[in-house]
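I opened my notebook to look up a few things in this structure. I went place by place and wrote down what I found.

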Amino acid sequence: MAFLLKKRKKFLRKVLLGATLLALGLVLLSVLSILSDHFFPSHSLSKEPFYPVLTMVLLFVLAFKPLEKFYSTLFERYFFRKKNYAHIVLMNLTDELEMVLDLDELANMVVNTFGEVLQLKTAALLVPAGEQEGFEVASAFGWHVSDYRRLRLDWSAPLAALVRTSGPHVLVRNQVIQAFSWQEASRLVYDFDLIRAGWVIPLFAKEELTGLLAFSAQRPDRVFDESDFHFFREFGRRIAKSIRNASRMERLKKLNVELQDSQSQMVQNTKLTAIEQLATGIAHEIHNPLTIISGKAQVLLLQRDKFPIDPRIEDVLKTIVKQTKRAADITRKLLMFSQGSGLSSEKLDIPQVLEDTLALVSYQTSLDGIKITRHVSPELPSFYGNIHELREAFLNLVLNAVQAIGTEGEIQIAAHYDAQDRLIEVRIADTGKGIAEENLDKVFNPFFTTRHNALGLGLFVTKQIVHHYGGAIRVESKPGAGSLFIVRLPLSKQAQEAEMPASLAGTNDAI
Amino acid sequence: MKRLLVVDDETEICDFLKMFFEDRGFTVTTANSGQKALDQLDQVKPHVILLDIHMPAMDGLTALREIKKRLPDAKVIMVTAIETRDKIEEAMRLGADNYITKPLSLDYLEKDVQEKVTQLAKSGKMTESV
């Protein structure tokens with residue numbers, strides 16, 4: 001039936017094409033004759049014997065291909081609309097897919113167009129999942145997302161094995177099952193059912209199996225003919241190529257991210273070890289003299305047990321002890337910042353973390369005439385994180401603000417809780433020199449700096465830390481108008497549970 | 001008589017600790033290196049030892065190992081300029097009885113040392129020979 005249809009279609013197309021060419025030729029010929037008679041009556045072209053032949057040949061050479069294409073499309077669309085139109089749409093899709101390098105987008109386009117155009121019940125695109133594990137569904141038409149999210153077709157499953165050995169032939173469920181013994185067939189049925197397939201198109205890009213296109217029809221008695229299978233093979237070959245390109249892109253992207261991560265980890269590690277060593281050395285060298293000063297003052301102070309001492313002297317001694325402790329606290333804080341290793345999370349109070357950070361720069365800012373104002377919301381929930389990491393993240397931002405200002409200016413620190421998005425937002429604004437527009441997207445890059453004596457790691461490290469907590473950081477700035485850094489830190493599940501109102505827990509208990 | 005051994009590479013620190021604890025009825029011996037502390041150990045037989053962690057040549061942790069071998073009943077309080085967690089953990093694992101950070105609060109230190117002495121007395125180990 002399909003065979004006859006195809007022949008008839010071809011015949012009709014040829015006849016129409018010939019007739020059109022002939023008609024066009026005659027029209028052109030007569031127009032040219034009239035024109036030449038009118039303008040050059042002396043040697044009219046119409047009297048030349050080869051003139052009509054030449055014109056027809058020229059016309060045939062120039063117009064045959066475009067006309068054939070035009071008729072072919074016209075025929076597919078209007079005479080045998082349903083099936084061939086579907087094939088054309090799908091072939092056009094494969095052209096489009098060559099430009100798509102995102103695997104998810106590609107998979108969505110394939111299954112949805114394929115499923116809709118062929119009026120299928122289900123269509124699923126399976127791609128290899130990880131190393132030698134099997135296939136997972138990249139996208140599916142006619143499935144519920146939750147049905148395929150965890151679905152795996154093992155690499156060793158009978159169907160997967162069959163595809164690997166049988167090559168790019170379309171597998172028809174009923175035929176395949178009949179070709180095997182009962183036991184093998186039942187295992188294959190399981191696989192076909194798993195991916196809801198009546199037909200499976202293996203997607204081979206050259207020798208490489210890049211995926212499977214599994215689909216099932218609305219009616220169980222639907223059949224596809226030879227031309228359909230030809231089409232499926234060609235379609236499969238084309239999308240296999242696109243999938244291969246997209247998965248290579250995906251792998252490259254993943255490798256790139258891994259590389260960046262390990263790079264930043266390396267930068268972080270080297271930096272921390274250097275600072276830690278430095279801070280340990282400094283703290284040690286400073287704490288010993290402080291111990292001597294404070295110790296001797298305490299010994300003197302304790303003399304009051306034996307004989308009375310002048311209250312003014314007692315005051316002086318107490319001040320010495322107090323101030324040495326203060327100095328030691330500063331070096332201790334410096335040290336805490338440097339000890340990033342063993343990053344354990346704990347319940348943190350963000351305002352306190354901000355205060356600790358500001359305490360470290362308070363000497364510098366008072367010297368430089370920089371005013372610090374705080375707008376910290378009193379109702380901030382606790383945040384689960386590593387105190388050293390968060391302090392470092394904020395310290396880098398504050399130091400950045402201090403350096404942008406130089407002398408005389410203001411740093412505004414604001415923090416509030418966004419109940420809708422369940423996150424804590426910290427804003428650090430300065431009245432400093434601002435950032436040039438072309439540098440705005442570079443400030444978080446490692447080793448980017450506009451200062452000669454800086455490493456350019458501060459904001460990069462801050463970004464890494466913020467990302468580590470699933471947060472985001474961005475900057476708004478104009479040259480001369482200061483900068484605003486916005487850090488958004490989402491509350492972890494742990495923190496959200498801790499935030500659950502006690503009254504609610506109480507009612508639960510009562511029930 | 002309560003005997004105290006102070007080990008610190010800073011002689012000034014040894015000096016005021018000696019002054020302070022002698023006022024409180026201790027017999028205080030000082031040593032400004034781990035090796036010197038070990039050299040005097042058998043002779044002094046201290047009840048409590050204040051041992052600095054960071055010292056050149058032989059550090060506090062090495063000295064601690066040797067002390068715990070030779071005088072297992074002596075109470076050792078580690079003194080450290082900074083809270084390097086790993087060093088402190090290692091010291092506690094090696095048998096140190098407590099640690100205190102510099103700058104020292106003498107009130108706190110005195111309480112701690114007295115407490116160790118009391119512990120020894122209760123367990124009947126406050127004999128002349130430890």
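**Entry 1: a residue in a helix.** The model is predicted, and I kept that in mind throughout. I started with A:A279, which lies in helix α9 of chain A, residues 226-301. Is A:A279 buried or exposed? I looked up its neighbours: 21 C-beta atoms lie inside 10 Å, so A:A279 counts as buried. The cut-off for buried is 20 or more. Then I looked up a pair that includes this residue. A:A279 and A:L335 are 56 residues apart along the chain. Their C-alpha atoms are separated by 5.4 Å.

**Entry 2: the sheet in chain A.** Next I traced an open sheet of five strands in chain A. I noted the order as β8-β10-β11-β13-β12, with mixed pairing. Which strands are at the edges? They are β8 (370-376) and β12 (472-477) of chain A, and each pairs on one side only. I also looked up the turn between neighbouring strands of this sheet: on average it is 15°, direction ignored.

I reminded myself of a general point. Strands of a sheet pair through backbone hydrogen bonds, either parallel or antiparallel.

I then checked one pair. β8(A) pairs with β10(A), residues 409-418, in the parallel sense over seven bridges. In this pair I found A:V376 opposite A:A415 of β10(A).

**Entry 3: helices on that sheet.** I looked for what packs on the sheet. Helix α11 of chain A, residues 350-368, does so. It touches β8, β10 and β11 (423-430) of chain A. The direction of α11(A) makes about 165° with that of β8(A). Helix α13 of chain A, residues 458-468, packs on the sheet as well. It touches β12 and β13 (483-490) of chain A. The direction of α13(A) makes about 140° with that of β12(A).

**Entry 4: the sheet in chain B.** I moved on to chain B and found an open sheet of five strands. The order is β2-β1-β3-β4-β5, and the pairing is parallel. The edge strands are β2 (26-31) and β5 (98-101) of chain B, each pairing on one side only. Neighbouring strands here are turned by 20° against each other on average, direction ignored.

How many bridges join β1(B) and β2(B)? I noted six, in the parallel sense, with β1(B) covering residues 2-7. B:K2 stands opposite B:F26 of β2(B).

Last, I looked up a helix. Helix α3 of chain B, residues 60-70, lies across β1, β3 (48-52) and β4 (75-80) of chain B. It runs at about 155° to β3(B).

Conventions. Residues are numbered from 1 along each chain as its sequence is written. Chains are lettered from A and ligands numbered from 1 in the order in which they are written. This is a predicted model: local features need pLDDT of at least 70, side-chain atom pairs count only at pLDDT 80 or more; totals for chains, interfaces and linings use all residues. Two strands pair if DSSP finds at least two bridges between them. Helices (H or I, at least four residues) and strands (E, at least two) are DSSP runs, numbered from the N terminus. Axes are lines fitted to C-alpha atoms, for helices over the stretch in contact, and angles run from 0 to 180 degrees between N-to-C directions. Two residues are in contact if their C-beta atoms, placed from the backbone, lie within 7 Å. A residue is buried if 20 or more other C-beta atoms lie within 10 Å of its own, exposed if 12 or fewer, and partly exposed in between; C-beta atoms are placed from the backbone.
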